[in-house]
Amino acid sequence: MKISEKQELLDKIRRLESDIYMLENQLISIAPDDFEEIVRPWKLPPDFNPYRWSDEAAAKIIKKTMVVYPEGRAPCPLCNRHPDQHEGYALPVGLERHLTGKLGYHQCYVFAAAQKRLTDDWNRDRREKHAATEDSRIKDELKVRIKKLRADPRLKGLT
Ligand SMILES: [Zn+2]
């Protein structure tokens, strides 16, 4: 493959990534403001855990929904969908399955987009932190080496 072809493909991937990012934002923005803190926080919560987020966020959303729909069924408060046979998902289990996609349920696309975005942000933060740690480790190692070289009597007068 020619370099120009490779570059073209890389450009195409970047454009697609940016398109996906925008689509995810649009999906997440469908959620009403009442759920903003859960699905589109301004900042990634410091205790964010990608393995627990789905269950924790679903529990918070269900709790808020049950206040508004005490009768036991509610449409999804994020995407407004409901099962074909009913006006709403059974609370709490039906809505939980819809949000998390558990047991082969078709997962809520708003919830799924939020989960992906937060997890992507979390991964990016971790990569950046790791890179910063690696940078400072290399700098420390170089300082030690330079110090050793300066202390080497055979190099006296050169440093
Ligand atoms: Zn939904």
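User: Let's start with one residue. Which residues does Leu78 touch, leaving out those up to four places away in sequence?

Analyst: Happy to help! This is a predicted model. Leaving out residues up to four places away in sequence, Leu78 touches Ile30, Ala31, Phe35, Val39, Cys108, Val110 and Phe111.

User: Which residues of the largest nonpolar core touch the most other members?

Analyst: Leu78 appears again here, together with Ile28, Val39, Cys108, Val110, Phe111 and Ala114. The core holds 21 residues. Helix 1 (3-29), helix 2 (36-39), helix 3 (53-68), helix 4 (93-100) and helix 5 (109-151) each give it at least two residues. Helix 5 brings the largest share, six residues.

User: How do I read the way helix 1 and helix 5 cross?

Analyst: Look at distance and angle together. The two axes come within 8 Å and cross at roughly 125°. An angle between 115 and 145 degrees counts as oblique, so helix 1 is oblique to helix 5. The crossing is left-handed.

User: Which residues make that contact?

Analyst: Helix 1 offers Glu24, Leu27 and Ile28, while helix 5 offers Tyr109, Val110, Ala113, Ala114, Lys116 and Arg117. By class, six are nonpolar, three are charged and none is polar. Here is a general idea to keep in mind: an α-helix has 3.6 residues a turn, so residues three or four places apart point the same way.

User: Which residues of helix 4 are buried, and what covers them?

Analyst: The buried ones are Gly94, Leu95, Glu96, His98 and Leu99. Their cover includes helix 3, strand 1 (73-74), strand 2 (89-90) and helix 5. Just after helix 4 comes Gly101, with a positive phi near 75°.

Technical notes: Residues are numbered from 1 along each chain as its sequence is written. This is a predicted model: local features need pLDDT of at least 70, side-chain atom pairs count only at pLDDT 80 or more; totals for chains, interfaces and linings use all residues. A nonpolar core is a set of buried Ala, Val, Leu, Ile, Met, Phe, Trp, Tyr and Cys residues joined through C-beta atoms within 7 Å. A residue is buried if 20 or more other C-beta atoms lie within 10 Å of its own, exposed if 12 or fewer, and partly exposed in between; C-beta atoms are placed from the backbone. Helices (H or I, at least four residues) and strands (E, at least two) are DSSP runs, numbered from the N terminus. Two residues are in contact if their C-beta atoms, placed from the backbone, lie within 7 Å. Axes are lines fitted to C-alpha atoms, for helices over the stretch in contact, and angles run from 0 to 180 degrees between N-to-C directions. Angles under 35 degrees count as roughly parallel, over 145 as roughly antiparallel, 65 to 115 as roughly perpendicular and the rest as oblique. A crossing is left-handed if the near helix is turned anticlockwise from the far one by less than a right angle, and right-handed if clockwise. Ala, Val, Leu, Ile, Met, Phe, Trp, Tyr, Cys and Pro count as nonpolar, Asp, Glu, Lys and Arg as charged, and the others, Gly among them, as polar.
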